[in-house]
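The report below is meant for someone meeting this chain for the first time. It goes from the overall fold to helix packing, and then to individual loop residues.

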Amino acid sequence: MATLSAVLATTHHPFFLKATELTPPEEQMPQAPEWKRKVEAYRETLTAAEPDILVMVGADHFHQFFHDNYPTFLIGKQPTYDATYYNEEREFSIPRYVLDGHEELSGFMLQGLLDRGFDFSVSHELKLDHSIICPIITTRPDGDLPVVPIYTNIFAPPLPSPKRFWDLGRAIREIIDEYPSDKRIAAVGSGHLSLELGGPRQFGETGPDPVFDRQAIEWLSNGDIDSILANVTHESMSGSGNATHGFMDLILMMGIAGPEKAAYVDDLDLFHTMEAYFTWYPSGDPRERTASR
Ligand SMILES: [Fe+2]
């Protein structure tokens, strides 16, 4: 059976590359060197897990899907995926990518999800946006591994419940564990903490709800799904910022890992947003093996 070698849950800040490597040092924002250091340290947590295939979780930011036809849950099943939309190149300087797909695992995942009551849409013409490419840039910038992209609806209400995202994560975990392969699989997903887009709280000193951000980081660090489900609702997320529903993709990723403490946790308080980085190692911490060699 396949090995789930790592689960990563991360925020996806589209300006990372532009703010760090693409800006001369003398013109960078003050947090840029620390941001780059933290991202590179986070990247090591994936590298150490030596993955062969990446299951990527993200959400289309109204690039390909719109209110008229927005899939609740969707999986891509293609030989390759083009990535990066024109507005992402123009505004964020995000490069274009072409990622290999893993059609066999996509098919196995789709069937496994249907068998478990998750009636996914499937796309053969999916183009990826920064919800998946930002984590590629931060954790696997060579983009050299085949991917299985999974998209969730965190943008176009009505949305699935936080519990549904957790249950979906648990189902994905079962399917990866059952996949008949000797490959090492890592799951890498991105979402948000408290976030305001285009609203009055967008450009504050901190994210729109720093209290929620601290709480959310603690819950995710501890695998504390009970507290999340007791406290986080669509209404509470709306109160924390108009785009905070992306937190549900972080819940999903913790669902893949299970109700366990994360092996690696880091965060960075950028003005107007809190960045956070979590890694779980369901098959044991590869950094310990390396250290004892
Ligand atoms: Fe986003």
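In this predicted model, the chain has eleven helices and ten strands. Its C-alpha atoms fill a box of roughly 50 × 50 × 40 Å, taken along the principal axes. A compact globule of 293 residues would have a radius of gyration near 19 Å, and the value for the chain, 18 Å, agrees with that. Of the 293 residues, 45% are buried. Among the contacts in the chain with a separation of 6 or more, 82% are between residues 24 or more positions apart.

## Two covered helices

Helix α5, which spans residues 130-139, is mostly covered, since ten of its ten residues count as buried, each with 20 or more other C-beta atoms within 10 Å. The buried residues of α5 include His130, Ser131, Cys134, Pro135 and Thr139 as well as Ile132, Ile133, Ile136 and Ile137.

Helix α10 (residues 247-257) is likewise described as mostly covered, with eleven of its eleven residues buried. Phe247, Asp249, Leu250, Gly255 and Ala257 are among the buried residues of α10, as are Met248, Met253 and Met254. The helix is followed by Gly258, whose phi is positive, near 100 degrees.

## How α6 packs against its partners

Two packed helices are described by the angle between their axes and the distance between the axes. Which residues of α6 meet α10? On the α6 side they are Pro162, Phe165, Trp166, Asp167, Leu168, Gly169, Arg170, Ile172 and Arg173, and they meet Met248, Asp249, Ile251, Leu252, Met253, Met254, Gly255 and Ile256 in α10. By class, this contact of α6 with α10 has eleven nonpolar, two polar and four charged residues. The two helices pack at an angle of about 35 degrees, with their axes 7 Å apart, and their crossing is right-handed.

Helix α6 (residues 162-178) also has helix α4 (residues 103-115) as a partner, and the axes of these two come within 10 Å and cross at roughly 130 degrees. An angle of this kind falls between the ranges for perpendicular (65 to 115 degrees) and antiparallel (over 145), and that makes α4 oblique to α6. The crossing in which α4 passes α6 is right-handed. From α4, the contact draws on Phe108, Met109, Gly112 and Leu113, while α6 contributes Ala171, Ile175 and Glu178. Sorted by class, the contact of α4 with α6 has five nonpolar, one polar and one charged residues.

## Backbone exceptions in the loops

Most residues other than glycine have a negative phi, and most peptide bonds are trans. Against that background, a few places in this chain deserve a closer look. The peptide bond from Pro157 to Pro158 is cis, with omega near 5 degrees, and Pro158 lies in the loop between β7 (147-152) and α6.

Thr84 has a positive phi of about 90 degrees although it is not a glycine, and Ser93, also not a glycine, has a positive phi of about 60 degrees. Thr84 is found in the loop between β4 (80-83) and α3 (86-92), whereas Ser93 is in the loop between α3 and β5 (97-100). Is Thr84 buried or exposed? Thr84 counts as buried because it has 20 C-beta neighbours inside 10 Å. Ser93, with 15 C-beta neighbours inside 10 Å, counts as partly exposed.

## Further loop residues

Thr23 is found in the loop between α1 (16-19) and α2 (32-47). Leaving aside residues up to four places away in sequence, Thr23 touches Lys18 and Gln28. Pro141 belongs to the loop between α5 and β7. Pro141 and Arg43 are 98 residues apart in sequence, and their C-alpha atoms are 9.0 Å apart in space.

The table sets out the surroundings of four of these loop residues.

| Residue | C-beta neighbours within 10 Å | Class |
|---|---|---|
| Thr23 | 15 C-beta atoms | partly exposed |
| Thr84 | 20 C-beta atoms | buried |
| Ser93 | 15 C-beta atoms | partly exposed |
| Pro141 | 15 C-beta atoms | partly exposed |

Technical notes. Residues are numbered from 1 along each chain as its sequence is written. This is a predicted model: local features need pLDDT of at least 70, side-chain atom pairs count only at pLDDT 80 or more; totals for chains, interfaces and linings use all residues. Axes are lines fitted to C-alpha atoms, for helices over the stretch in contact, and angles run from 0 to 180 degrees between N-to-C directions. Helices (H or I, at least four residues) and strands (E, at least two) are DSSP runs, numbered from the N terminus. Angles under 35 degrees count as roughly parallel, over 145 as roughly antiparallel, 65 to 115 as roughly perpendicular and the rest as oblique. A crossing is left-handed if the near helix is turned anticlockwise from the far one by less than a right angle, and right-handed if clockwise. Two residues are in contact if their C-beta atoms, placed from the backbone, lie within 7 Å. Ala, Val, Leu, Ile, Met, Phe, Trp, Tyr, Cys and Pro count as nonpolar, Asp, Glu, Lys and Arg as charged, and the others, Gly among them, as polar. A residue is buried if 20 or more other C-beta atoms lie within 10 Å of its own, exposed if 12 or fewer, and partly exposed in between; C-beta atoms are placed from the backbone. The radius of gyration is taken over C-alpha atoms; the globule rule is 2.2 Å times the number of residues to the power 0.38.
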